[in-house]
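Work through the following exercises with the sequence and the model side by side, and try each task before you read its solution.

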Amino acid sequence: MTAVLTLRARVLLVLAVLLASLAPTAPALAASPPVDTLASHGRGAEVVAVTQVADRQVDLSVRSAALGGRTVKVRLLTPDGWNPDDRRRHWPTLWLLHGCCGDYTSWTSRTDVAEIDSLRDVLVVMPEAGWNGWYSDWWNHGQGGDPAWETFHTGELRHLLERDWGAGSNRVVAGLSMGGQGALLYAARHPGMFKATAAYSGSAHPLLNDESVNRIMGFFAGQGNDPLRVWGDPVAQRGIWEAHDPFHLAKRLKSIPVYLSCGDGTTGPLDAPGATSALEADFNRQNQALAAELRRVGAKDVTTNFYGPGTHGWAYWERELHASLPVLLGALRGDG
């Protein structure tokens, strides 16, 4: 009897394995979204909804362990011929990061990115990063945990997109303001992940001086947040601040093309009469410092457009996206 039961158990096991191997796994926009295998172990992310919002624009709702199990959106601007069911095709990828007080829709709602012909063969990834998430795993007074935006983007989301949604390992990253800092940080803190980076009016050296520190601490305190949760105290946790300051990471950027642009905060050609921006003036000084440091450490490919008069606004960032594309797309193609 024991032998019969053992044989029956083996047969049932073989049938279970065969049935599992026949189950469909490819993602489909109209069907159930794929589930990241890491998520089932509480260590990753999963797509829980997919929405076609416009031609070539798809929103993924992603539940993230790094964000405490919360669900956030990621907008994809898809290339011509994109089909996530075709696991053989992987597209070069431009990560496009939003700024403080914006969200994952900012680039498509405020610029003409969806109409740029040179991006029709590139997958553009525009992830949510929080109103003031600062593209960082927050210190949270030494406890870590939610939110961990850097882990979500560079780990969970990257893995998910490259496994199931046609993203390739050939990547570049760009962003504005807070997202400009994020683009520089991700390229520096994850060597080899991005082949080029661009920052438009980015927070490029938040430790430049007291004014810069106080300004970013003011952003950290937005929406009633405890500003020390993000990177801690700028004196007591100086090491954490330096680890998130692109100026102090310049050596890690010297091997890839870097594009930096900023106005000087005075009234520019794309501004309303009399408009000024102390924020842009501060960021201009920060970017000038980073550019000088990059050259000091031997960076091989730094492009700057410090265009003088101009404030902290979308008209300039749209223009700078266009201006930086030769650098970014050239890196994707392997030019030079």
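**Exercise 1. Describe the surroundings of D146.**

Solution. Begin with the location: D146 is found in the loop between strand 5 and helix 3, where helices (H or I, at least four residues) and strands (E, at least two) are DSSP runs numbered from the N terminus. The model is a predicted one, in which local features need pLDDT of at least 70 and side-chain atom pairs count only at pLDDT 80 or more, while totals for chains, interfaces and linings use all residues. Residues are numbered from 1 along each chain as its sequence is written, and side-chain values use heavy atoms, with hydrogens and water left out.

Next, consider accessibility: D146 has a relative accessible area of 33%, so it is partly exposed. On this scale, buried means under 20% relative accessible area, exposed means over 50%, and partly exposed lies in between (1.4 Å probe, protein chains only).

Then look for partners: leaving out residues up to four places away in sequence, D146 touches A66, L67, G68, R70, N140 and R229, contact being heavy atoms within 4.5 Å. Of these, G68 is 78 residues from D146 in sequence, yet their C-alpha atoms are 5.3 Å apart. The side chain of R70 makes a polar contact with the side chain of D146 at 2.7 Å; such a contact is a pair of N or O atoms within 3.5 Å, and within protein one must be able to donate a hydrogen and the other to accept it, with residues adjacent in sequence counting only if both atoms are side-chain atoms.

**Exercise 2. Decide whether N132 is buried or exposed, and find what its side chain reaches.**

Solution. N132 counts as buried because its relative accessibility is 6%. Its side chain reaches the backbone oxygen of F219 at 2.9 Å.

**Exercise 3. Classify the ring pair of W134 and F219.**

Solution. The structure holds 13 aromatic pairs, a pair being rings of Phe, Tyr and Trp (its six-membered ring) with centres within 6.5 Å, where planes under 30 degrees apart count as stacked, over 60 as edge-to-face and the rest as tilted. The rings of W134 and F219 have centres 5.8 Å apart and planes at 55 degrees, so this pair is tilted. The pair links distant parts of the chain, since W134 lies in the loop between strand 5 and helix 3 and F219 in helix 5 (residues 210–220), 85 residues apart. W134 is buried at 1% relative accessibility, whereas F219 is partly exposed at 22%.
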